[in-house]
Amino acid sequence: MKFILTPELGRLAKWLRILGYDSVYFKESNFSSLPRSKSQTQSASYFERGLLIQTLREGRVVLTRNHRFLKKASSRALEIKSEKVKEQIKQVLKELNLKPQKHLMFSRCVICNEELKSIEKEKVKEKIPEYVYQTENDFLSCPVCQRIYWQGSHWGNVQRYLIEASS
Ligand SMILES: [Zn+2]
């Protein structure tokens with residue numbers, strides 16, 4: 001399942017990436033190559049049309065709180081009801097019948113949405129705190145932004161949060 005989220009749902013996008021779902025955050029620049037007039041650039045419907053085009057082209061499901069857009073893309077969109085991110089996660093998992101898969105979690109960059117690649121411990125030595133180097137053995141890196149990820153102690157907190165959100 002792949003998602004596209006409208007700008008008000010940035011935090012939800014990050015959480016879906018933590019869960020391993022391909023989740024893009026819709027930006028107007030994503031479709032800046034489409035032909036348009038100057039007045040269209042400013043209009044909300046142009047924004048909505050661009051979002052719809054990307055949604056269909058990439059086979060995504062829209063997550064939004066934007067009512068105007070919901071009308072246009074209702075068959076491919078889920079209206080997110082709560083403003084609270086934990087409730088949002090809960091709603092997405094429940095309504096789309098998704099179960100968080102442990103092996104998919106932390107497989108994507110939270111910032112770029114890119115799939116992470118394994119990286120040798122020796123190669124990250126200079127980029128991570130000494131105690132992490134001493135205690136962790138498995139590292140992943142983002143091919144785009146080069147961030148280094150490891151499970152570490154925050155793993156338990158994240159898991160607890162997600163269990164609460166999905167129960
Ligand atoms: Zn990245």
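**Two sheets, one helix and a shared core**

Three strands make up an open sheet, running in the order E5-E6-E7 with antiparallel pairing. Strand E5 (117-119) and strand E7 (148-149) sit at the edges with a single partner strand each, so one side of each has no neighbour in the sheet. Strands here are DSSP runs of E with at least two residues, helices are runs of H or I with at least four, and both are numbered from the N terminus. Two strands count as paired if DSSP finds at least two bridges between them. E5 meets strand E6 (residues 139-141) in the antiparallel sense over three bridges, and in E6 the bridge partner of Ile119 is Phe139.

A word on the model itself: it is predicted, so local features need pLDDT of at least 70 and side-chain atom pairs count only at pLDDT 80 or more, while totals for chains, interfaces and linings use all residues. Residue numbers start from 1 along each chain as its sequence is written.

Overall, the protein has eight helices and seven strands. Of its 167 residues, 23% count as buried, meaning that 20 or more other C-beta atoms lie within 10 Å of the residue's own (exposed is 12 or fewer, partly exposed is in between, and C-beta atoms are placed from the backbone). As for contacts (C-beta atoms, placed from the backbone, within 7 Å), 49% of those between residues at least 6 apart in sequence join residues at least 24 apart.

The other sheet to look at is an open one of four strands in the order E2-E1-E3-E4, with parallel pairing. E2 and E4 are its edge strands, each pairing on one side only. From one strand to the next, the twist averages 25°; axes are lines fitted to C-alpha atoms, for helices over the stretch in contact, and angles run from 0 to 180 degrees between N-to-C directions. E1 and E3 pair in the parallel sense over three bridges, and Leu5 has Leu63 as its bridge partner in E3. E3 also pairs in the parallel sense with strand E4 (residues 77-79), again over three bridges. Val62 turns up twice: as the bridge partner of Ile4, and with Ala77 as its own partner in E4.

H1 packs on this sheet, where the helix touches E1, E2 and E3, and its direction makes about 155° with that of E2. Within helix H1 (residues 10-18), Leu12, Ala13, Trp15, Leu16 and Arg17 are buried. Those buried residues pack against strand E1 (3-5), strand E2 (23-25), strand E3 (61-64) and helix H5 (85-95). Just past the helix, Gly20 takes a positive phi of about 100°.

The largest nonpolar core has 22 residues, of which Phe3, Ile4, Leu5, Leu9, Leu12, Leu16 and Leu63 touch the most other members. Two or more residues come from each of E1, H1, helix H3 (44-57), E3, H5 and helix H8 (154-166), with H1 giving the most, four residues. A nonpolar core here is a set of buried Ala, Val, Leu, Ile, Met, Phe, Trp, Tyr and Cys residues joined through C-beta atoms within 7 Å. Leaving aside neighbours within four places in sequence, Leu63 contacts Phe3, Leu5, Leu9, Leu12, Leu78, Ile80 and Val92. In soluble globular proteins, nonpolar side chains tend to be buried together.

Technical notes: Contact = placed C-beta atoms within 7 Å.
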